[in-house]
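Visitor: I've got a model open on my screen and I'd like to know where the labels come from. Could you take me through it?

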Amino acid sequence: MTPAIEIRNLTKRFGTVTALAGFDLSVPRGSIFGFLGPNGAGKTTTLRIMTGLARATAGSVTIEGVEVGRGARPPIGYLPDTPSFYSWMTAREFLTYIARLHELSDPPIDATLERVGLANANKKRVGGFSRGMKQRLGLAQALLPQPRVLLLDEPVSALDPAGRKAMLDIMGDLRGEMTIFFSTHILNDAERICDEIGIIDQGRLVIQARRDDLLARFARPVFEIEVAPDDAPQLAALAERLETTGLIERAALDGVRLRVTARDLDRARREVLPMLADRSLVRFEMLGATLEDIFLNLTDPANSRPEVAS
């Protein structure tokens, strides 16, 4: 399938400073793609080039078959990191104004306000909106032209937990209707909603992969075993037994919980659980890596970086 977004050798220099160092990126159609990176990594610069608000020094961006900056406008909607509004307008007046800018003959204003949860505030002046309401109105203006690709720059970074949840719920409801490309440094949100993830650091794409593949690739071979209180004294003996098998690197005992780090993950999955058959097992869990673990590992200058995965 042809990707919704295809970036080739994207390079941006500001004088002697290289903001983007020539990376490739391909975003599957219909996916929710999380573009992650620390502050100053190049996320906003990339999005500005994707929208045509900035020009690349070299390379190209193609969105739904249209190369950005080469004539026709790609079918995109865009929410900047700090959207601006006319405070004296109502929400409905603002979207009417946006519809005129897009030359829309029959804009779905009411349906769009309903979709972002602002139907009951459509006659309220934007100056009285909360931060979360303004962000949802910004999303509404991006959705109004019914784009095939939605570009969002840090859409939840300035919101409280309720506002973040509302925005993420709306984005999740849009899954499959359009391709969503959003930048963020809130890793829990990206882990919750994304189908695919790209991590950028110092203007270079560190890695790109499906979320589940990324989490599996960096899974930690750590098991946590919890038994009933009556079996707690036997956990120390179990740890010693596991060490004699050569299965584990280390064991940490804490009351009724035993955490073991395996040498061979596949072998540990097969052999550890049968050893617990004669105990009152409460929990046996392999602890997976979180996106935060992976992000911090891959963007740590002290660590070597993997090849970019696609």
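What follows is a chat about the words used for this model and the values behind them.

Guide: Happy to. Keep in mind that this is a predicted model. The chain has 10 helices and 14 strands, and its C-alpha trace spans about 75 × 45 × 35 Å along the principal axes. Buried residues make up 46% of the 310 residues.

Visitor: Let's start with a residue, then. Why is leucine 258 called buried?

Guide: Buried means under 20% relative accessible area. Leucine 258 has 0%, so the label applies. You'll find leucine 258 in strand S13, residues 257-262.

Visitor: Which residues does leucine 258 touch, leaving aside neighbours within four places in sequence?

Guide: Its contacts include Phe223, Glu224, Ile225, Leu235, Leu238 and Ala239. Ile225 is worth a look: isoleucine 225 and leucine 258 are 33 residues apart in sequence, yet their C-alpha atoms are 5.1 Å apart. For the chain as a whole, residues 24 or more positions apart account for 67% of the contacts with a separation of 6 or more.

Visitor: Now two glutamates, 103 and 154. What makes glutamate 103 exposed or buried?

Guide: Exposed means over 50% relative accessible area. Glutamate 103 comes in at 72%, so it counts as exposed. Glutamate 103 sits in the loop between H2 and H3.

Visitor: And how do you know whether glutamate 154 is buried or exposed?

Guide: Same routine: the cut-off for buried is under 20%, and glutamate 154 has 10%, so it is buried. Glutamate 154 is in the loop between strand S7 (149-153) and H5.

Visitor: What is phi like in those two glutamates?

Guide: In glutamate 103 phi is near 55°, a positive value in a residue other than glycine. Glutamate 154 isn't a glycine either, and its phi is positive at about 50°. There's a glycine with a positive phi too: glycine 52, just after H1, at about 90°.

Visitor: Since you mention H1, what makes helix H1 largely enclosed by the rest of the structure?

Guide: It's a matter of counting. Of the 9 residues in H1 (residues 43-51), 7 are buried, so the helix is described as largely enclosed. The buried ones are Lys43, Thr45, Thr46, Leu47, Ile49, Met50 and Thr51.

Visitor: Met50 rings a bell. Where are the nonpolar cores?

Guide: The largest nonpolar core has 51 residues, and Leu137, Leu150 and Ile180 touch the most other members. Helix H4, residues 131-143, gives the most to this core, with 6 residues. Your Met50 belongs to a second, separate core of 24 residues, which also includes Leu10, Phe35 and Leu151.

Visitor: On to the helix pair. Why are H4 and H5 called roughly parallel?

Guide: Angles under 35 degrees count as roughly parallel. The axes of H4 and H5 (residues 161-173) cross at roughly 20° and come within 10 Å, so the pair is called roughly parallel. The crossing is right-handed.

Visitor: Which residues meet where H4 and H5 touch?

Guide: From H4 it's Gln135, Arg136 and Leu139, and they meet Ala166, Met167 and Ile170 of H5. The residues of that contact divide into 4 nonpolar, 1 polar and 1 charged.

Visitor: Does anything else sit by those residues?

Guide: Valine 116 does. Skipping neighbours within four places in sequence, valine 116 is in contact with Arg136, Leu139, Ala140, Leu143 and Ile170. Valine 116 is in the loop between helix H3 (109-115) and H4.

Visitor: How do you know whether valine 116 is buried or exposed?

Guide: Set its 1% relative accessibility against the 20% limit. The value falls under the limit, so valine 116 counts as buried.

Visitor: One last loop residue: what makes threonine 90 buried or exposed?

Guide: Threonine 90 has a relative accessible area of 11%; buried means under 20%, so threonine 90 is buried. Threonine 90 lies in the loop between strand S6 (76-79) and helix H2 (91-101). Not counting residues up to four places away in sequence, threonine 90 touches Asn122, Lys123, Lys124, Arg125 and Val126.

Definitions and conventions. Residues numbered from 1 in each chain as written. Predicted model: local features only at pLDDT ≥ 70, side-chain atom pairs only at ≥ 80, totals over all residues. Heavy atoms only, no water. Helix = DSSP H or I, 4+ residues; strand = E, 2+ residues; numbered from the N terminus. Buried < 20%, exposed > 50% of the residue type's maximum accessible area, 1.4 Å probe, protein only. Contact = heavy atoms within 4.5 Å. Core = buried A, V, L, I, M, F, W, Y, C linked by side-chain atoms within 4.5 Å. Axes fitted to C-alpha atoms, helices over the stretch in contact; angles between N-to-C directions. Parallel < 35°, antiparallel > 145°, perpendicular 65-115°, else oblique. Left-handed = near helix turned anticlockwise from the far one by under 90°. Nonpolar A, V, L, I, M, F, W, Y, C, P; charged D, E, K, R; others polar.
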